[in-house]
Amino acid sequence: MIIKLDQAVELIKSGDVVAFPTETVYGLGADAFNIQAIKKTFELKGRPSDNPLIVHVSNQQQVDSVAEQLPEEFEKLKQAFWPGPLTMILPKSDRVPDLVTGGLNTVAVRMPDHPIALKLIRQTGPLTAPSANKSGKPSPTKPEHLDQDYKEGIPILDGGSSEIGLESTILDLTISPPEILRPGAITAHQIENVTGSTVTDFRNRSLSDTEPVKSPGLKYTHYKPAATVKWMKRIPATLNQHTIYIVHSKKNWPDHPQIFSYKKNYARLARDLYDVFRTADHLGYSDIEIEQLPDAESDRMIHALLNRITKAVGTDE
Ligand code: TXA
Ligand code: MG
């Protein structure tokens, strides 16, 4: 159910969990220092508790309450990208419960670029917030998605559709050089331009079997709709009645309810991707075919899109 900001503040202060909008996807917010509230987050989502949560902040004082010994790149990156879709992994302060970080000695911190989120966090203090979907579903980018996932009902702050539509870039600043653990709207290139040094992208080197999982969440299935997602091998001569098609080339695709056409607008494709996944499931389509993406250099959203779609296809597991 949709609630007002004052109600959301009250609920969170009393240890409850509230879904709130951010520019990336909706989050499931709880008081980062309240163990019961965090337990409730894991239960509501159906999420394994070894998968740590991102702490959302609205100012530097809140950063200082959850993190310490801030790495030297932090200030520059904060100036350049906060509020915004960049999550930074920092050394954790003792105040942060182990439950938030899955026992790690680091904490993920982000300042979201959304007026409602910032107003909320200013009044509640730091909020843990995983993407608000039930575990295994695509992240919610609209209040309707939350109603689909939580039949039992959930308090929602309505902020309309998320502008970016894919989860934040996660950058580990506790190692040198810093490493991207999850690609998002802020690219390695943009980060390098600010820090003046190279950033590694862990998916570009091969992880050996013995290497510990860097970001525990990455080992879980994500972003998958119920429909089977496939890369398009060739342009279909005729449409299959059970398939939704997501295309983005400039080619003149016919106007048709099964075709979602983006004409090289990758920001719009990113914004809509999870909504189209959910629409396909809602309407009972069994398959989703997606046209192969161009090189990552051609648009800043390609890297994140490729990562989420590859996970939905399931070829990287
Ligand atoms: O855009 C976003 O980041 C959204 C919005 C709500 O802010 N949140 C989000 O949270 O995507 P979640 O919980 O769905 O994904 C967080 C990821 C998980 O893969 C988790 O393993 C990783 O962040 N993570 C959290 N803390 C970490 C840490 N200390 N070290 C490494 N990875 C961490
Ligand atoms: Mg998530």
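## Where two domains meet

Let's start with one pair: Arg278 and Asp149 join through their side chains in a salt bridge, 2.9 Å from N to O (a side-chain nitrogen of Lys or Arg within 4 Å of a carboxyl oxygen of Asp or Glu). This is a predicted model, where local features need pLDDT of at least 70, side-chain atom pairs count only at pLDDT 80 or more, and totals for chains, interfaces and linings use all residues. Residues are numbered from 1 along each chain as its sequence is written, and side-chain values use heavy atoms, with hydrogens and water left out.

The protein chain is assigned domain 1 (2–204) and domain 2 (228–313), with bounds from an automatic or database domain assignment. Their centres, taken over C-alpha atoms, are 27 Å apart.

Here is how the two domains touch, with contact meaning heavy atoms within 4.5 Å.

| Domain | Residues in contact with the other domain |
|---|---|
| Domain 1 | 27 residues |
| Domain 2 | 15 residues |

Together they bury about 1700 Å², and carbon and sulfur atoms give 52% of that; buried area is the accessible area (1.4 Å probe) that two parts lose on being put together, summed over both. On the domain 1 side, Pro138, Leu166 and Pro183 supply 32% of the area buried against domain 2, more than any other three residues.

What about salt bridges? Three of them cross the interface of domain 1 and domain 2. The touching side of domain 1 gets the most from helix H7 (residues 143–149), which gives three residues; helices are DSSP runs (H or I, at least four residues), numbered from the N terminus.

Conventions:
Chains are lettered from A and ligands numbered from 1 in the order in which they are written. Helices (H or I, at least four residues) and strands (E, at least two) are DSSP runs, numbered from the N terminus.
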